[in-house]
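Please work through the exercises below with the coordinates open, trying each task before reading its solution.

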Amino acid sequence: MEAMRLIEASRHALARSKEASDIVAEGWQSQALAQAIGSRLAIAGPPELRGEALGLSEVGGRGCGVLDAPGLGTEGVRAARLTGIGQAQEVLQGLDELLGEVGIALVGVAMGAHDEGAYWQCMEAIDAADESRDRVLEMLRRLAVREQSLPEPDSAAGPS
């Protein structure tokens, strides 16, 4: 499944989540997706993104590690269905929005946590989402710089 479809599915699932455990599970799903997208871009993305993409993959993995993994099985892990990235800029913008929404949702969970362990788990997950988002924003910045440095097509010149 294309990255944008997975991002949209994650955003919809997060929006439907009402219970704290469901929100935490969606936080885990978003970090797994960030990890998968980062891995794909590190291997086959634009060269100027590869270092940051590798960092995104690492942070996504760390973000999964701080949250309790939902018992989903392979079929339930959305990131496992990733087949392609498509347009890197569009995917990174969508991932940025998803990670922002996850961070906000996790703040709500942390504020309502009844035990200190759950609170700190959410705080670490919020930090991971913010760090993932920082990596995504840096990649978007690098894509913008690349676009600005590309030569303008000469519309006045005809075919030779």
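**Exercise 1. Contact range and overall build.** For contacts in the protein with a separation of 6 or more, determine what share comes from residues 24 or more positions apart, and describe the elements of the protein.

Solution. In this predicted model, residues 24 or more positions apart account for 80% of the contacts that have a separation of 6 or more. Turning to the elements, one counts 6 helices and 0 strands, and the order from the N terminus on is α-α-α-α-α-α. The C-alpha atoms, taken along the principal axes, fill a box of roughly 70 × 25 × 25 Å. Of the 160 residues of the protein, 44% count as buried.

**Exercise 2. The nonpolar core.** Identify which members of the largest nonpolar core touch the most other members, and find which element gives the most residues to this core.

Solution. The largest nonpolar core holds 42 residues, of which Ile7, Ile37, Leu41, Leu92, Leu95 and Leu106 touch the most other members. The elements that each give two or more residues to this core are H1 (3-16), H2 (20-44), H3 (50-66), H5 (88-111) and H6 (116-149). H5 gives the most, with 11 residues. To see how one of these members is placed, take Leu95: leaving aside residues up to four places away in sequence, Leu95 touches Ile7, Ala34, Ile37, Leu56 and Val136. As a general background to this step, nonpolar side chains in soluble globular proteins tend to be buried together.

**Exercise 3. Two helix pairs.** Decide whether H1 and H2 are roughly parallel or roughly antiparallel to each other, and do likewise for H1 and H5.

Solution. Two packed helices are described by the angle between their axes and the distance between the axes, and both quantities are therefore needed for each pair. H1 and H2 pack at an angle of about 165°, with their axes 10 Å apart. Because angles over 145 degrees count as roughly antiparallel, H1 and H2 are roughly antiparallel to each other. Their crossing is left-handed, and the contact is made by Ala3, Leu6, Ile7, Ser10, Ala13 and Leu14 of H1 together with Ile23, Glu26, Leu33 and Ile37 of H2.

For the other pair, the axes of H1 and H5 come within 10 Å and cross at roughly 20°. Because angles under 35 degrees count as roughly parallel, H1 and H5 are roughly parallel to each other. H1 passes H5 in a left-handed crossing. On the H1 side the contact is made by Ala3, Met4, Ile7, Ser10, Arg11 and Leu14, and on the H5 side by Glu90, Val91, Gly94, Leu95, Glu97, Leu98, Glu101, Val102 and Ala105.

**Exercise 4. A salt bridge between distant parts of the chain.** State how many salt bridges a search of the whole structure finds, and then characterise the pair formed by Arg11 and Glu97.

Solution. The search finds 11 salt bridges. In the pair of Arg11 and Glu97, the closest N and O atoms are 2.9 Å apart. This pair links distant parts of the chain, since Arg11 lies in H1 and Glu97 in H5, 86 residues apart. With a relative accessible area of 22%, Arg11 is partly exposed, and Glu97, at 41%, is partly exposed as well. In general terms, side chains of opposite charge can pair when their charged atoms come close.

**Exercise 5. A charged network.** Establish which residues are linked with Glu138 in a network of salt bridges, and explain why Arg141 and Arg142 are placed about one helical turn from Glu138.

Solution. The network links Glu52, Arg135, Glu138, Arg141 and Arg142. Glu138 forms a salt bridge with Arg141, in which the closest N and O atoms are 2.6 Å apart. Because Glu138 and Arg141 are 3 residues apart in H6, about one helical turn separates them. The side chains of Arg142 and Glu138 also meet in a salt bridge, at 3.0 Å from N to O. Because Arg142 and Glu138 are 4 residues apart in H6, they too are separated by about one helical turn. As to accessibility, Arg141 is partly exposed, with a relative accessible area of 44%, and Arg142, at 28% relative accessibility, also counts as partly exposed.

**Exercise 6. A residue of H5.** Classify Gln93 by its accessibility, and give the separation between the C-alpha atoms of Gln93 and Glu147.

Solution. Gln93 lies in H5. Its relative accessible area is 38%, and Gln93 is therefore partly exposed. Gln93 and Glu147 are 54 residues apart along the chain, and their C-alpha atoms are separated by 16 Å.

Technical notes. Residues numbered from 1 in each chain as written. Heavy atoms only, no water. Core = buried A, V, L, I, M, F, W, Y, C linked by side-chain atoms within 4.5 Å. Buried < 20%, exposed > 50% of the residue type's maximum accessible area, 1.4 Å probe, protein only. Contact = heavy atoms within 4.5 Å. Salt bridge = Lys/Arg side-chain N within 4 Å of Asp/Glu carboxyl O. Axes fitted to C-alpha atoms, helices over the stretch in contact; angles between N-to-C directions. Parallel < 35°, antiparallel > 145°, perpendicular 65-115°, else oblique. Left-handed = near helix turned anticlockwise from the far one by under 90°.
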